[in-house]
Amino acid sequence: MKVVSAGLTDVGRKRNHNEDSFLIDDELQLYVVADGMGGHAGGGTASRIAVETIDKELRRAREGRDNPFVTTSNLQDALLPDALRTAVEKACLAIFTTAQEDPRLSGMGTTVISLVVRDNQAFFAHVGDSRAYLVRGPLIQQISEDHSLVNEQIKAGMITPEEAKHSRYKNIITRSVGFEEEVQVDVMGVVAEPGDVFLLCSDGLANMVEDRELHEAVQASANLGDVPKRLIDLANERGGDDNITVIVVQVSA
């Protein structure tokens, strides 16, 4: 599979600094969005450490004896999910350790949504409420599941998805990378088809733009590189309450 990607981040309309970080590594076909938290210094530091550590750890794994990037015939035999999980766990430890060494960074953490594409396989590692979507023809599907208080309330039947959009608790996440020494990382894999577009974003986009609008932006853009700015502009038109980060990755035969 060939891969084309584009990404962009924006401070939004309400914040005076950007705590999001993103990574596009087309050589590894690795893509990461991280939404930091913990104040002016802490959030940006945490998200930056996350993307740098994940990239470094996967490059190191590729040079090791058990190279996880070796192609396998099916998802179940792939080594990449474990490699991705380990890379996020290493990022968690790196952020936590840095915070212990500098009181100004105490309590910092970050979300992580990461994607690696290998031939016709796509693998994700996920912590927090940044999201991954798959756009395939007329359909859009959220691949990741938010680690958030409102999502727990939805699953428990306490509130509806519509009520969750307006909840005062919608920014409270139940898992983050680096706030504690260890974190549980969700990993997922899908078989990609030519024409698939994967969209990674921080909640600054997901909270302001409907899934169908994400789908429309991808489908309406003749050039994939136009999609991130189109979506960021839309989120800012709605108020731009948070930092906004978008990566789109399209696969083709």
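In the predicted model, E193 has a relative accessible area of 40% and is partly exposed. Its salt-bridge partner is R136, and the two side chains meet at 3.5 Å, N to O. This pair links distant parts of the chain. R136 belongs to strand β7, residues 131–136. E193 sits in the loop between β9 (186–191) and β10 (197–201). The two residues are 57 residues apart. R136 is partly exposed as well, at 27% relative accessibility.

Salt bridges occur elsewhere too. The structure holds 22 of them. One joins the side chains of R62 and E27, with an N to O distance of 3.2 Å. R62 lies in helix α1, residues 39–62, and E27 lies in the loop between β2 (20–25) and β3 (30–37), so this salt bridge ties together parts that are 35 residues apart in sequence. Accessibility was computed for both partners. R62 has a relative accessible area of 23%, which makes R62 partly exposed. E27 reaches 51% and counts as exposed. The cut-off explains the label: exposed means over 50%, so a value of 51% qualifies.

R62 also forms a salt bridge with E63. Here the side chains meet at 3.7 Å, N to O. E63 is exposed, at 63% relative accessibility. These contacts belong to a wider set. D25, E27, D55, R59, R62 and E63 are linked in a network of salt bridges. Thus R62, E27 and E63 are among the members of this network.

The packing of two helices was examined next. Two packed helices are described by the angle between their axes and the distance between the axes. Helix α6 spans residues 211–220, and helix α7 spans residues 227–237. Their axes come within 9 Å. The crossing angle is roughly 145 degrees. The crossing of α6 past α7 is right-handed.

Residues on both helices build this contact. From α6, the participants are E213, L214, A217, V218 and A220. From α7, they are V227, R230, L231 and L234. Seven of the contact residues are nonpolar, two are charged and none is polar. Leucine, alanine and valine count as nonpolar, so L214, A217 and V218 of α6 fall in that group, as do V227, L231 and L234 of α7. Glutamate and arginine count as charged, so E213 of α6 and R230 of α7 make up the charged part.

Technical notes. Residues are numbered from 1 along each chain as its sequence is written. This is a predicted model: local features need pLDDT of at least 70, side-chain atom pairs count only at pLDDT 80 or more; totals for chains, interfaces and linings use all residues. Side-chain values use heavy atoms; hydrogens and water are left out. Axes are lines fitted to C-alpha atoms, for helices over the stretch in contact, and angles run from 0 to 180 degrees between N-to-C directions. Helices (H or I, at least four residues) and strands (E, at least two) are DSSP runs, numbered from the N terminus. A crossing is left-handed if the near helix is turned anticlockwise from the far one by less than a right angle, and right-handed if clockwise. Contact means heavy atoms within 4.5 Å. A salt bridge is a side-chain nitrogen of Lys or Arg within 4 Å of a carboxyl oxygen of Asp or Glu. Buried means under 20% relative accessible area, exposed over 50%, partly exposed in between (1.4 Å probe, protein chains only).
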